[in-house]
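Trainee: I would like to learn how the words used for a protein structure are justified by the numbers behind them. Could we take one example and go through it slowly?

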Amino acid sequence: MTASISSPCSEALSELPTPALIVDLDKLESNLERMQARAGDLSVRLRPHVKTHKCVEIAQLQLEAGAVGITVSTLYEAEVFAGAGFEDITWAFPLILSRVGQAARLSRRIRLGVTVDSPQAVAALTASGERFHVWMKVDCGYHRAGVDPVSGAPLRLAADIEAGGHELVGLLSHSGNAYDERTLAGRAAVAEAERERITTLAGRLRAAGFEVPELSVGSTPGMTAVAHLAGVTEMRPGNYAYFDRTQVGLGSCAVADCALTVLASVVSCQADHCVIDAGALALSKDSGPADSVMGGVFVDATSGELDEELVVTSLSQEHGKLNAPLPVGTRVRVLPNHSCLAAACFDQMVGVRGEEVVASWRVWNGR
Ligand SMILES: Cc1ncc(COP(=O)(O)O)c(C=O)c1O
């Protein structure tokens, strides 16, 4: 699998206007291959979450590597990727009732999975007159969204889905609580609890006569740690394509695996600090892994060597503050705390191999 050059790029990395979103294609490709191999080892299919990159070319690489389809978080993403030829898309976000008509139109063109955790959502689908592929969202420990798997709600919701004439594709959960764990054993335990809860609920539903063909789980910290996924059919990590400073802190990856950086320039030098042109609208304000640092700075982004002293200490809208007085004009490669949010700040990314700019790709960050 090798990323192709989608548009000619004449600029060298050292000449690019900043701030710029930079993707190291060698690292990206090996991250995609490693997670695909991991899905194979765990005997599940991989349906990567493309909200991480929002980039058609990268999703194509994921399909080429063996992904069965993609996961999106917005209908906008679903429409963009459908327009680019993707035919099997799961919208893994609790149904937005005001978007049902739009979802119905899209589901006539492609296989669109929609996600519900409430009777109101199922009623809205049914009222549209369209027959949907429906995933039931289950709360397997993250406590953000989803039905309680040990309550009566899943059986009632499954009955509503069938009564509405829809197809219950399966159960879907997200182990976002793996981000709270600081050890491999802790992340593995969260992923195992997710697996155990979702397979137990599937057993209850099947015993009650419902077909539940698919069980979809995952997050990057969960899927890089889980020991086995018996009974599960697919996983949906997203962040693994880029990784980031948070994943390094969690132990999901090494610094050298991080594929996404923000190229920035020093614009003001003060006695004890300097200011770069990458603020919250380039890096996001996601806090770091158990520290107050807002981003790392590379000595050498290609080899993956982070500066041990130099860090981003604070962010305002367009200003980023570094803890050393570097001369104006100095260029730095910043490792964001959260690559998905940093990428979504940009509408264009630059693909590099080493210091060579080889691609320029659109980031579809609309709503
Ligand atoms: C529903 C859902 N599935 C999968 C993912 C992917 O998780 P990660 O970004 O940790 O890989 C997310 C991320 O937020 C999500 O919300």
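Mentor: We will go through the ligand, then the strands, and then two points about the backbone, and please keep in mind that this is a predicted model.

Trainee: Which residues are closest to the ligand, and what makes a residue count as near the ligand?

Mentor: A residue counts as near if one of its heavy atoms lies within 4 Å of the ligand. Around this ligand there are 14 residues, and Arg144, Tyr179, Thr220, Arg236 and Gly238 are the closest.

Trainee: How do you know that Thr220 makes a polar contact with the ligand?

Mentor: The cut-off for a pair of N or O atoms is 3.5 Å, and an N or O atom in the side chain of Thr220 is 2.6 Å from an oxygen atom of the ligand, so the pair counts as a polar contact. For Gly238 it is a backbone N or O atom that lies 2.6 Å from a ligand oxygen, and a polar backbone atom of Asn239 is 3.0 Å from an oxygen atom of the ligand. Of the 390 Å² of accessible area that the ligand has on its own, the protein covers 93%.

Trainee: Where does the ligand sit, and what makes one say that a molecule sits in a pocket?

Mentor: More than half of the molecule's atoms must lie within 2 Å of the pocket's grid points, and this ligand sits in the largest pocket.

Trainee: How do the residues of the shell around the ligand divide?

Mentor: The shell holds four nonpolar, seven polar and three charged residues, where Gly is counted among the polar ones.

Trainee: Why are E2 and E3 said to stand at the edges of their sheet?

Mentor: The open sheet has eight strands with parallel pairing, in the order E2-E9-E8-E7-E6-E5-E4-E3. Strand E2 (45-46) and strand E3 (70-72) each have a single partner strand, so one side of each is left without a neighbour in the sheet.

Trainee: How do you know that E5 and E6 pair?

Mentor: Pairing needs at least two bridges, and four bridges join strand E5 (residues 111-116) to strand E6 (residues 133-137), the two running parallel. One example is Val116, whose bridge partner in E6 is Met136.

Trainee: In which sense does E12 pair with E13 and with E15?

Mentor: Strand E12 (residues 295-300) pairs with strand E13 (residues 305-315) in the antiparallel sense over four bridges, and Gly296 stands opposite Val311 in E13. E12 also pairs in the antiparallel sense with strand E15 (residues 331-336), over three bridges, with Gly295 opposite Pro336. In the hairpin of E12 and E13, four residues lie between the strands, and Gly304 takes a positive phi near 85°.

Trainee: What makes the phi of Lys54 worth a remark?

Mentor: Most residues other than glycine have a negative phi, and most peptide bonds are trans. Lys54, in the loop between E2 and helix H2 (56-65), has a positive phi near 50° although this residue is not glycine. As for the peptide bonds, a cis bond joins Thr18 and Pro19, with omega about -5°, and Pro19 has its place in the segment before strand E1 (20-24).

Definitions and conventions:
Residues numbered from 1 in each chain as written. Predicted model: local features only at pLDDT ≥ 70, side-chain atom pairs only at ≥ 80, totals over all residues. Heavy atoms only, no water. Polar contact = N/O pair within 3.5 Å; in protein donor to acceptor, adjacent residues only side chain to side chain. Areas by Shrake-Rupley, 256 points an atom, 1.4 Å probe, with all protein chains shown as cover. 1 Å grid on protein atoms, 1.4 Å probe; cavity = no way out; pocket = protein on both sides within 12 Å on 5 of 7 lines; lining within 4 Å.
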